[in-house]
Amino acid sequence: SQNWQSFMFFYYTHKVSQPGYVVRIASGCSEGQRRELVKFHENVISKLSPKFSVHFTPDFSKISGDNYKYYNKPFGLNHWLEHGLKYKENEDRLEDAIIMILDPDMILLRPLTYDFT
């Protein structure tokens with residue numbers, strides 16, 4: 001399970017006061033896994049910040065006929081852009097937005113901002 005990695009990522013995001021929203025994209029969860037993740041998020045993660053959320057997507061691992069779990073990352077991200085962020089509908093508002101793609105095994109040591117010094 002990536003829950004412990006996710007918790008550590010959200011925890012350090014909170015600890016360094018990362019501005020903006022943080023979304024965990026979870027692809028291909030069974031109903032039981034989804035219920036467990038929603039419960040984990042509500043009981044643990046959401047207490048760190050109301051700007052932390054989870055977005056569920058279908059399983060994209062078999063999208064091309066084979067079974068390749070790594071399809072879930074690009075197709076899951078696209079699903080979130082279309083259905084979660086609704087990018088096309090909000091393109092004007094999001095024109096200057098910065099969207100960062102980070103893995104749950106990363107830890108932030110300082111906030112990621114417009115200041116790249």
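**Exercise 1. Decide from its relative accessible area whether T13 is buried or exposed, and find which residues T13 touches.**

Solution. T13 has a relative accessible area of 1%, and because buried means under 20%, T13 counts as buried. The model examined here is a predicted one. As a next step, we place the residue in the fold: T13 belongs to helix 1. Finally, leaving aside residues up to four places away in sequence, we find that T13 touches Q18, V22, F52 and L108.

**Exercise 2. Work out whether the span of helix 2 agrees with its number of residues, and on which side of this helix its buried residues lie.**

Solution. Helix 2 covers residues 31–43, which makes 13 residues, and at 1.5 Å a residue, counted for one less than the number of residues, the helix should span 18 Å. The C-alpha atoms at its ends are 18 Å apart, so the expected span and the model agree.

We then turn to burial, where L37, F40 and H41 of helix 2 are found to be buried. These residues cover an arc of only 95° around the axis, and therefore they lie on the same side of helix 2. A general rule helps here: an α-helix has 3.6 residues a turn, so residues three or four places apart point the same way. The buried residues of helix 2 pack against helix 1 (3–15), strand 1 (22–27) and strand 2 (52–57), whereas the face turned away from the buried side carries the exposed residues E31, R35 and K39.

**Exercise 3. Classify the aromatic pair formed by F9 and F10, and state whether each residue is buried or exposed.**

Solution. The structure holds 8 aromatic pairs. In the pair of F9 and F10, the ring centres are 6.4 Å apart and the planes stand at 70°, and since an angle over 60 degrees counts as edge-to-face, the pair is edge-to-face. For burial, we compare each value with the cut-off of 20%: F9, at 11% relative accessibility, counts as buried, and F10, with a relative accessible area of 2%, is buried as well.

Two further arrangements involve aromatic rings. One aromatic cluster is formed by F60, Y68, Y70, Y71 and F75, while the charged end of K51 sits over the ring of Y21, at 5.2 Å from the centre of that ring.

**Exercise 4. Find how many salt bridges the structure has, and describe where the two partners D103 and K73 lie.**

Solution. The count comes to 1 salt bridge. In general, side chains of opposite charge can pair when their charged atoms come close. Here the side chains of D103 and K73 meet, with a distance of 2.7 Å from N to O. The pair links distant parts of the chain, for D103 lies in the segment after helix 3 and K73 in helix 3, 30 residues apart. As for accessibility, D103 is partly exposed because its relative accessible area is 29%, and K73 is partly exposed because its value is 45%.

**Exercise 5. Describe the surroundings of P74 and of L94, and say whether each is buried or partly exposed.**

Solution. P74 lies in helix 3, which runs over residues 72–84, and its relative accessibility of 47% makes P74 partly exposed. Although P74 and F60 are 14 residues apart in sequence, their C-alpha atoms are 9.2 Å apart in space. L94, by contrast, is found in the segment after helix 3, and its relative accessible area of 10% means that L94 is buried. Not counting residues up to four places away in sequence, L94 touches L85 and Y87.

Terms used. Residues are numbered from 1 along each chain as its sequence is written. This is a predicted model: local features need pLDDT of at least 70, side-chain atom pairs count only at pLDDT 80 or more; totals for chains, interfaces and linings use all residues. Side-chain values use heavy atoms; hydrogens and water are left out. Helices (H or I, at least four residues) and strands (E, at least two) are DSSP runs, numbered from the N terminus. Buried means under 20% relative accessible area, exposed over 50%, partly exposed in between (1.4 Å probe, protein chains only). Rings of Phe, Tyr and Trp (its six-membered ring) pair if their centres lie within 6.5 Å; planes under 30 degrees apart count as stacked, over 60 as edge-to-face and the rest as tilted. A charge sits over a ring if NZ of Lys or CZ of Arg is within 6 Å of the ring centre and within 35 degrees of the ring normal. A salt bridge is a side-chain nitrogen of Lys or Arg within 4 Å of a carboxyl oxygen of Asp or Glu. The arc is that of the directions from the helix axis to the C-beta atoms. Contact means heavy atoms within 4.5 Å.
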